[in-house]
Each structure stands twice: as C-alpha cells, then as structure tokens.
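Student: I've got the sequence and the model up on my screen. Walk me through the empty spaces, then some strands and the cysteines, please.

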Amino acid sequence: MSALHLRGVFLPEEEQRDAWIIDGRLSFEPVSGAETIATGGWILPGFVDAHCHIGVTTDGWVDHEGQVEQALLDRDAGALLLRDAGSPVDNTGVQRRPDLPRLVRAGRHIARPRRYIRDLGVEVEPQDLVAEVEHQAARGDGWIKLAADWIDRSVGDLAPTWPDDVLAAAIARAHELGVRVAAHTFSEQALPGLIKAGIDSIEHGTGITADLLDEIARRGIAVVPTLINIDTFPEIASAAQEKFPAYAAHMRALHRDSRQRIRDAFEAGVPIYTGTDAGGSLPHGLIREEITALVQAGIPQADVIAQASWQGRQWLGFAGLTEGAPADLVVFDRDPRTELATLYEPRRIVLDGRVIC
C-alpha cells in the first residue's frame, strides 16, 4: 500500500500537524513520495455508533449482503466503529471486510419469555440467566446484552424483567469472564437493581431520575440514550393506548422527560455516548442525527463530539489518532465542535488507511 499524507488540526489535541498513513496505520514521521489527500481542515477519529443492530430490520433479519448495506450506510455517515447491541443473526462477516466499520458484538439479547420483541433475543427463565450469560459471553466481543425491562401484560405497564438477586449473580459472572454488560431499560423501576448489580452500560435510560445520578456517576456507568429512537415512543404509545392505557401514558411521559433527564445525567458527570438503535424501527446511517439530538437536548456540542468520537472509541477499547494506530478518521473543512452542519460535508473519510471519500 502506498503512503498517504494529510495535514490539518488534529482533535482532541487541537494541534495543526502533518501525518502519514502507511499500511493502514498513522505515523507522524515524514515519508517521502506520499500522496497528499487533505490539507487544512479538522481531523478527528471516526464516529462511534455505540448502540446499533447489524442484521436487524423492521421486517426481520437480513443476510450478509443486507448487513453489508447497513454497515455501508453507517460508514458513509462517518461512523467507523460500531457496537452491535444484540443481533439474532451471525454478523461476523462484517468484521472480515476491511472496507466496513469495525464491529464490536454483544452476542444475542437475553430476555424473559414473552417479555421482549418476539424472536429477537434468547428467552430464558431467571434460573437459567447465569448459564445463558456464560453462553453469550463466548459469542460476543467483550459485551453481552440484557433486556432488563419490558411491558408486563399482567399489570399493563413496564416492569423489571429479572429479580435483583439473579441480576446481580449474572452480572457478577459476566465480570468474572471479563465481559461487560449492557442493559436495555426504559422504566424507572428497573434501574436501582441494575445499578446495585454493577451494570456497565445503560441503554436508553429514559427512567433515570435525579436520585440515581450520583451513584451512576460514582460507579462510572455509561449511558447510551438513543434519543432518535426514544422519539418513536409517542407512536408506540398510540398503538398501545386501547389495550394498555397505563403503559401508553408511561411511554409518553418517558418521552416528554427524556431530554431533561439526559441533560441532568451529563451535568452529574455520567458519561454519555452516541447510539442510534439502528436496525428494527430505524435505518442505519443516522449517527449525525443522534449527535444533533444530544446537542438539542442541551449537552454542549464540543462534549457530544468528543463522546461520539475519541472518547467513545476509548470506552470501547480502541485507539484515537496516535502513532501506530489504525487510520480511521474523518476530515472536515470546519470544526464540528462548533458547526453541526459540517457533519454532513466530510472532505475525507478514511477507514483502515483506505480513502472512502
């Protein structure tokens, strides 16, 4: 592979410098004869979609070619690192394609029977949760995903899925295996047990109330709010209104309070990462829309960009733009920390040292 050269303001250091790409990796040592692909502008690590589902659509599941199409939408929007937050299909083929975003997989959702989206997760009773955690830990890339609440039709509203003692045993076992645990949760009621059990990542988190924030921050628990998915709550509520009016009212209230609650979480020092929940009800390629939603919720734009880029990569165990790191980067003409519109006008996207655009 021939050497490439670029010059610009590197983030987060805010230093204008030259860099070279050799065999897909960054170097700050000059290389003669390199092809210049960008001069000027702002250079930052590729964005992170920390909650998506490769292989899942509104109509069910897709094969490898469909998964490639999804990953390409993410890549072309600047998301060069994806965390798949549970998929019922084998999407490891995406990991074998160097022209597709890097993919961190969480195996398959673990859910209770009749307490989650049909056929999406592995459904087990509480006595089998620890064993299923062990199984899914071996299938993923350092993460597993629990469905921690869902509508309980017997009460007509959201309710926790797992008893607290079982949840604690399952998360403890995952940690013994060196695996982190993400939990789907909408409601207020599921959160105390998750926090006490040592959950690593709260997905959606619309039920996070002020009394929980200090403990979430103290434990370093991350939140991936998926605001653009939360904006589907009113539609979900309308569909459920006749049969489950209490659930419908609860979902509307969670949507109404979602921006204030995520802003409060940020102000309390809780790490917030960008995730679209693409797959299912939303298409892929929406990382810029989620970034915009977080800014509109009141989180400072510079902080959103940081968490969507270099901080999100660090959280998932990936390097930023350092010597010898894989060259996964986006070049913008203007600083994305101050101008959101520039997100839709990347000058260059480089993945694994390959110029995508």
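**Pockets, strands and cysteines**

Student: How many nonpolar, polar and charged residues does the lining of the largest cavity have?

Tutor: Sort the lining by class: Ala, Val, Leu, Ile, Met, Phe, Trp, Tyr, Cys and Pro are nonpolar, Asp, Glu, Lys and Arg are charged, and the others, Gly among them, are polar. For the largest cavity, that sorting gives six nonpolar, four polar and one charged.

Student: Which helix gives the most to that cavity's lining?

Tutor: Before we go on, this is a predicted model: local features need pLDDT of at least 70 and side-chain atom pairs count only at pLDDT 80 or more, while totals for chains, interfaces and linings use all residues. Numbering runs from 1 along each chain as its sequence is written, and side-chain values use heavy atoms, without hydrogens or water. The helices α7 (227–230) and α9 each supply at least two residues of the lining, helices being DSSP runs of H or I with at least four residues and strands E runs of at least two, numbered from the N terminus. With four residues, the top contributor is α9.

Student: What volume does the largest cavity have?

Tutor: A cavity is a set of points on a 1 Å grid over the protein atoms alone where a 1.4 Å probe fits but cannot get out; a pocket is an open set with protein on both sides within 12 Å along at least five of seven lines; lining residues have an atom within 4 Å of a point. The lining here includes His-204, Pro-225, Ser-258 and Arg-261. The space comes to about 70 Å³.

Student: How many charged residues line the second largest cavity?

Tutor: This one has a volume of about 40 Å³. Among the lining residues are Asp-84, Arg-105, Arg-108 and Arg-139. Alongside one nonpolar and three polar residues, the charged ones number four.

Student: Now the open spaces. Which helix gives the most to the lining of the largest pocket?

Tutor: The largest pocket holds about 750 Å³ of space. Of its 32 lining residues, Ile-117, Trp-150, Asn-229, Ile-236 and Ser-281 are the closest to its centre. At least two lining residues each come from β6 (56–57), β7 (60–61), β13 (149–152), α8 (233–240) and α9 (245–267). The element that gives the most, with four residues, is α8.

Student: And how does the lining of the largest pocket split by class?

Tutor: Recall that 32 residues line it. They divide into 14 nonpolar, 13 polar and five charged.

Student: Which helix gives the most to the lining of the second largest pocket?

Tutor: That pocket has about 160 Å³ of space. Of its 13 lining residues, the closest to the centre are Val-56, Thr-57, Gln-70, Pro-283 and His-284. Both β6 and α1 (64–76) supply at least two residues of the lining, and the one giving the most, with four, is α1.

Student: Over to strands. Which residue of β15 is the bridge partner of Trp-143?

Tutor: Trp-143 sits on one side of β12 with Lys-145 and Ala-147, Ile-144 and Leu-146 are on the other, and all are buried, that is, under 20% relative accessible area (exposed is over 50%, partly exposed in between; 1.4 Å probe, protein chains only). Strand β12 (143–147) and strand β15 (180–185) run parallel, paired over five bridges; DSSP must find at least two for strands to pair. The partner of Trp-143 is Arg-180.

Student: Which strands stand at the edges of the seven-stranded open sheet?

Tutor: With mixed pairing, its order is β3-β2-β1-β4-β18-β19-β20. Inside it, β1 (4–10) and β4 (35–45) are parallel and joined by six bridges, with Arg-7 partnered by Thr-39. Each edge strand has a single partner, so one side lacks a neighbour in the sheet; these strands are β3 (25–27) and β20 (354–355).

Student: Last one: how many disulfides does the structure hold?

Tutor: A disulfide needs two cysteine sulfur atoms within 2.5 Å. The sulfur of Cys-52 is 19 Å from the closest cysteine sulfur, in Cys-357, and that is too far for a bond. Cys-52 is buried at 0% relative accessible area, whereas Cys-357 is partly exposed at 37%. The number of disulfides is zero.

Technical notes: Grid points are joined across faces, edges and corners, and a volume is the space filled by probe spheres set on the points.
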